Amino acid sequence: MQKASFWNKSENNKTICNLCPHNCIISEGKRGNCRVRKNINGELFTETYGQICSAGFDPIEKKPLYHFFPGSIIFSVGSIGCNLHCKFCQNWEISQSSPDEFLHLRSASPQEIVKSALNKKDNIGIAYTYNEPTVWYEYMLDIAKLAKNENLKNVMVTNGFINQEPLEKLMEYVDAFSVDLKAFTEDFYKNISSAKLHPVKETLKTLHKNNKHFEITNLVITDENDNEKVFEEMVKWIASELGNDTVLHISRYYPTYKLKNKPTSVKTLLNFYEIAKKHLNYVYIGNVSTEKGQNTYCPKCGELLIQRNRYFTQVEGIETGKCKKCGHRVFSGG
Ligand code: SF4
């Protein structure tokens with residue numbers, strides 16, 4: 001446990017947490033909405049500092065990041081808690097737990113995490129993932145600073161629901177972001193995820209403004225966010241606000257946790273792929289095997305650059321991030 005960043009004292013020994021847009025007002029002895037930040041004697045603490053629930057080496061494609069050091073391996077760590085409460089969360093056992101409820105946390109100092117990451121020769125860095133890293137911000141930042149000194153890359157897999165000040169502070173240390181854009185209506189965010197859309201859009205704009213590498217994942221859920229018009233509105237917004245080189249992963253939903261809707265039809269995914277391709281250069285289909293939406297082609301000359309089969313990645317037509325045939329820049333790193 002460690003003292004938290006980004007909070008103020010309030011009346012009657014309450015604390016106001018300014019880390020994410022919930023801005024929770026927390027009474028003494030209570031936790032915030034994310035279940036892992038607690039008011040103890042009028043001061044705010046991050047309870048999961050130095051506490052992880054899992055760690056291991058993953059393909060970078062699993063984050064998913066397809067344009068950041070393609071074909072590489074990244075050390076991935078996660079803890080518990082989340083500032084969203086998505087009814088379809090795949091990791092709800094860890095994301096919707098407090099330290100009192102989840103009994104399998106283990107201690108690992110930032111130094112130990114970096115040491116583990118350095119143990120594998122071809123590992124490119126550390127991914128903060130599995131649960132929302134915003135809610136263990138201080139721990140993530142301390143690891144990221146040490147990792148940077150060791151020339152490791154830092155990757156944040158996030159729902160993007162974070163306030164601007166803490167986000168800006170990450171710009172110096174985090175190299176790439178995988179951001180979930182769960183839907184493009186405030187209603188969905190409110191009813192399905194207990195959050196708001198607007199701050200997530202602001203996060204994406206900040207990443208773009210700071211020239212950060214980021215890729216967006218949109219999980220398409222049957223009868224919840226599979227409206228064609230709204231999807232196209234979202235894709236147009238991405239193209240106009242973030243640029244048409246923004247990478248979009250359209251992901252298939254399967255029933256899980258509290259949501260029992262049918263799995264998304266492959267027909268819908270293929271239709272959305274075609275819609276997205278009208279506006280964006282790099283669109284992929286995830287969570288299902290389809291012929292379309294797996295490989296990367298050069299948007300300038302059409303050359304096949306990367307062939308993918310699930311997490312098996314064969315880099316073919318690129319050199320130092322550029323198309324070998326025409327020299328167009330497509331990738332960060334690799
Ligand atoms: S990080 Fe947690 S405690 Fe802080 S505002 Fe967000 S949900 Fe509330």
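**Salt bridges and a helix pair**

Q: With a relative accessible area of 23%, is Arg 31 buried, exposed or partly exposed?
A: This is a predicted model, so the answer is a computed one. Buried would need under 20% and exposed over 50%. Arg 31 comes out at 23%, so it counts as partly exposed.

Q: Which residue forms a salt bridge with Arg 31, its closest N and O atoms being 2.5 Å apart?
A: Look 16 residues along the chain, in the loop between strand 6 (43-46) and strand 7 (51-52). The partner sitting there is buried, with a relative accessible area of 12%. It's Glu 47.

Q: Which residues does the network of salt bridges that share partners join?
A: We've already met one pair, Glu 47 and Arg 31. Shared partners bring in Asp 100 too. So the network, which rests on salt bridges within 4 Å, is made of Arg 31, Glu 47 and Asp 100.

Q: How many residues apart in sequence are the parts that Glu 168 and Lys 209 tie together?
A: Their side chains meet in a salt bridge, 3.2 Å from N to O. Glu 168 lies in helix 4 (residues 164-170) and Lys 209 in helix 6, so the pair ties together parts whose separation in sequence is 41 residues.

Q: At what angle do helix 6 and helix 7 pack?
A: Helix 6 (residues 198-209) and helix 7 (residues 228-242) have axes 10 Å apart. Among the residues making the contact are Leu 204 of helix 6 and Trp 237 of helix 7. The crossing is right-handed, and the angle is about 35 degrees.

Technical notes
Residues are numbered from 1 along each chain as its sequence is written. This is a predicted model: local features need pLDDT of at least 70, side-chain atom pairs count only at pLDDT 80 or more; totals for chains, interfaces and linings use all residues. Side-chain values use heavy atoms; hydrogens and water are left out. Axes are lines fitted to C-alpha atoms, for helices over the stretch in contact, and angles run from 0 to 180 degrees between N-to-C directions. Helices (H or I, at least four residues) and strands (E, at least two) are DSSP runs, numbered from the N terminus. A crossing is left-handed if the near helix is turned anticlockwise from the far one by less than a right angle, and right-handed if clockwise. Contact means heavy atoms within 4.5 Å. Buried means under 20% relative accessible area, exposed over 50%, partly exposed in between (1.4 Å probe, protein chains only).
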